[in-house]
Amino acid sequence: MKPLFTHTPSLNTRMLLAVVASVLLYFLDTRLDYFKPVRATLSTVVYPVQKLASMPDDFVTWFSELFQGHQQLREKIMTLEAQNLTNSVRMQKMQALESENMRLRELLGSSFRLQERVQVAELLSVDLDPFYQHVIIDKGESFGVYEGQPVLDSLGVMGQVAEVSQFSSRVVLLTDPSHSIPVQIVRNGLRAVVTGRGLSEALQMEFLPHNADVRVGDMLVTSGLGGRFPVGYPVGTVTAVDFPQGKSFAEIAVAPAARLSTSREVMLVLPGEKIDFGITSPLQIEEDDLQRLEEPLAIDEVVTPAEGND
């Protein structure tokens, strides 16, 4: 027989259970990373949708480039040729300086680290959450991307890879409040830490006393401490320095060097190999080492997707 009255949990009870379950899932996700494999799997499933969503913008870009005027294309080619010639001259100077640096390091019996290679990726989507500054790129585990990998654009550091799925990755930007990066001032070598304050806010230099030698216009680069970011990549420029009364540390604002809100293509840094010449004495330099030092060095090596799969 079917009962006349069925006893089910009240609406308030079900609401309370849903809130408790939500808080528990949020704690497990943020603190213990239990659901990171689930997010990676979901990112792989959603990847075709993200690719499909970016197709209209890609089509508009392709269509506009298709109908550019002949004269405009000629002017663009001439400009690119001039820039290429200028960059070639600068490249020769950098090769000479780097070769000289290698010779000096070899005389001191130390090792030298070649410049890092990079792999080009493209943005698929931008996280619209106002509290997180994340973007999705079209390179994932199948291209050798790994968590913590530095991400750059043509002007400086953008952030680092936070999560990796099979075909895409999530990148946390410098402006994210959870992101910090060790830096140093080019002018005097002073080391500090720069932390994000949100996309519409400037970066903040942390924990510098009032007597710190910091000036407006100082350029900041990665210090290499922490092992994530290689040394010497531009991070930003100091835009404001304030020493408020009653506070132990200075308030220093930094403008990011990278175009965080407009860059479409990014570069993933692949660590270079470390060369140890194994010289036991500064005066014991072999002929083959000297020949190797005199060979021209490749300043930047871009890895194609085919090479990234190796």
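Biologist: What volume does the second largest pocket have?

Modeller: Keep in mind that we're looking at a predicted model. In it, the second largest pocket is lined by 24 residues. Its volume comes out at about 700 Å³.

Biologist: Which element gives the most to the lining of that second largest pocket?

Modeller: Helix 1 (11–31), helix 2 (36–66), strand 5 (157–164) and strand 6 (169–173) each put in at least two residues. With 4 residues, the top contributor to the lining is strand 5.

Biologist: How many of the lining residues are charged?

Modeller: Take the residues that lie nearest the pocket's centre, among them Arg39, His134 and Glu163. Arg and Glu count as charged, while His goes with the polar group. Over the whole lining there are 7 nonpolar and 6 polar residues, and the charged ones number 11.

Biologist: Now the barrel. In what order do its strands run?

Modeller: It's a closed barrel of 6 strands, paired antiparallel. From one strand to the next, the twist averages 40°. Inside that barrel, 3 bridges join strand 8 to strand 9, and another 3 link strand 9 to strand 12. The full order is 7-8-9-12-11-10.

Biologist: Which residue of strand 12 stands opposite Met205?

Modeller: Let's walk across the strands. Val194 faces Met205, which sits in strand 9. Coming from strand 11 (residues 234–242), which is tied to strand 12 by 6 bridges, Val241 has a bridge partner in strand 12 too. That partner of Val241 is Ile252, and the residue opposite Met205 is likewise Ile252.

Key
Residues numbered from 1 in each chain as written. Predicted model: local features only at pLDDT ≥ 70, side-chain atom pairs only at ≥ 80, totals over all residues. Heavy atoms only, no water. 1 Å grid on protein atoms, 1.4 Å probe; cavity = no way out; pocket = protein on both sides within 12 Å on 5 of 7 lines; lining within 4 Å. Points joined across faces, edges and corners; volume = space filled by probe spheres on them. Pairing = 2+ DSSP bridges. Axes fitted to C-alpha atoms, helices over the stretch in contact; angles between N-to-C directions.
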